Every structure is written in C-alpha cells, then in structure tokens.
Amino acid sequence: QVQLVESGGGLVQAGGSLRLSCTASGSISSINAMGWYRQAPGKQRELVATITSTGSINYADSVKGRFTISRDNAKNTVYLQMNSLKPEDTAVYYCNLNVRVLITRNNYWGQGTQVTVSS
C-alpha cells in the first residue's frame, strides 16, 4: 500500500512563511499529479496548487504570486512554499497524489496539517 506523511504546518503571523512537505512511501511504481488542497472551518475543501509529472503547474487565483509548488521525484515528495501568508490562508492543508502501483492508479490523501495565520 501507499502512505503519505505531511509536515510543516504551524502558527505564523501574517506576512510570514511556511513550507509544507508531503512524502509518499510504499509500493510505488510512479506518481503522476501531485497537489495541495485546503479546508477552512465551515468551508468545502478547495484546490490550492497542482503539479504534473511533466512540471505543469496550476494555482488557485487566491495564492498566485505567494505560493510555490514543487516536487522531488527521487524522494516522492511534493512541497508547498507559502509566503506572504494571510489570515484567510488559515486551514487544514492536505496533499493529494495520483499514484500508480503496478497497473493500478489511485488518488491518495495525506492526513492534513494545520496552518494558522494570525493577524
């Protein structure tokens, strides 16, 4: 099976920075798209950023110019560098990876990491 472990969340003041990491382990053949999503209290989970295996990147309008997604294929890891954080960025952040194990593809979610931005 495949396990995802997230790290890097925490409490930061507005204008500060955090870097999230999500590492996959297990019987992985390859990883296609990697992404970050977030869910604030009382709101639906929303896309933050995605990156494909070829490096194509997509950002939510709300984070463009402030967040940067990247991946290290050798480490099966996706990162989210978050700069100029705002209180409205407060949410639980989840990574999502599209993983191939032999001939089967599935989407896997991380356990979530809390990001809190104080004003």
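**Exercise 1: the disulfide**

Task: Find which way the link of Cys 22 and Cys 95 turns in this predicted model, and which parts of the chain the pair joins.

Solution:
- Start with the angle about the S-S bond: 55 degrees, which makes the link of Cys 22 and Cys 95 right-handed.
- Next, look at where the two partners sit. Cys 22 belongs to strand E3 (residues 18-26) and Cys 95 to strand E9 (residues 91-101). They are 73 residues apart, and the pair links distant parts of the chain.
- Now check the distance. The sulfur atoms of Cys 22 and Cys 95 are 2.0 Å apart, and a disulfide needs them within 2.5 Å.
- To finish, search the whole structure: one disulfide turns up.

**Exercise 2: buried or exposed?**

Task: Decide whether Cys 22, Cys 95, Thr 77 and Glu 6 are buried or exposed.

Solution:
- The cut-off comes before the values: a residue is buried under 20% relative accessible area and exposed over 50%.
- Cys 22 has a relative accessible area of 0%, so Cys 22 is buried. Cys 95 is also at 0% and therefore counts as buried.
- Thr 77, in strand E8, is at 4%, so Thr 77 is buried. A polar atom of the Thr 77 side chain lies 2.8 Å from the backbone oxygen of Lys 75.
- Glu 6, in strand E1, is at 6%, so Glu 6 is buried as well. Its C-alpha atom is separated by 9.4 Å from that of Val 78, although Glu 6 and Val 78 are 72 residues apart along the chain.

**Exercise 3: the nonpolar core**

Task: Work out how many residues the largest nonpolar core has, and which strand gives the most to this core.

Solution:
- Begin with the count: the largest nonpolar core has 31 residues.
- Then pick out the residues with the most contacts inside this core: Trp 36, Val 78, Leu 80, Met 82, Tyr 93 and Leu 97.
- Turn to the strands. Those supplying at least two core residues each include E1 (2-7), E4 (30-39), E8 (77-82) and E11 (113-118).
- The top contributor is E9, with five residues.

**Exercise 4: the largest pocket**

Task: Describe what lines the largest pocket, and give its volume.

Solution:
- The volume is about 210 Å³.
- The lining has 13 residues, and Arg 38, Lys 43, Glu 46, Glu 88 and Asp 89 lie nearest the centre of the pocket.
- Sorted by character, the lining holds two nonpolar, four polar and seven charged residues.

How values were computed: Residues are numbered from 1 along each chain as its sequence is written. This is a predicted model: local features need pLDDT of at least 70, side-chain atom pairs count only at pLDDT 80 or more; totals for chains, interfaces and linings use all residues. Side-chain values use heavy atoms; hydrogens and water are left out. On a 1 Å grid over the protein atoms alone, a cavity is a set of points where a 1.4 Å probe fits but cannot get out, and a pocket is an open set with protein on both sides within 12 Å along at least five of seven lines; lining residues have an atom within 4 Å of a point. Grid points are joined across faces, edges and corners, and a volume is the space filled by probe spheres set on the points. Ala, Val, Leu, Ile, Met, Phe, Trp, Tyr, Cys and Pro count as nonpolar, Asp, Glu, Lys and Arg as charged, and the others, Gly among them, as polar. Helices (H or I, at least four residues) and strands (E, at least two) are DSSP runs, numbered from the N terminus. Buried means under 20% relative accessible area, exposed over 50%, partly exposed in between (1.4 Å probe, protein chains only). A nonpolar core is a set of buried Ala, Val, Leu, Ile, Met, Phe, Trp, Tyr and Cys residues joined through side-chain atoms within 4.5 Å. A polar contact is a pair of N or O atoms within 3.5 Å; within protein, one must be able to donate a hydrogen and the other to accept it, and residues adjacent in sequence count only if both atoms are side-chain atoms.
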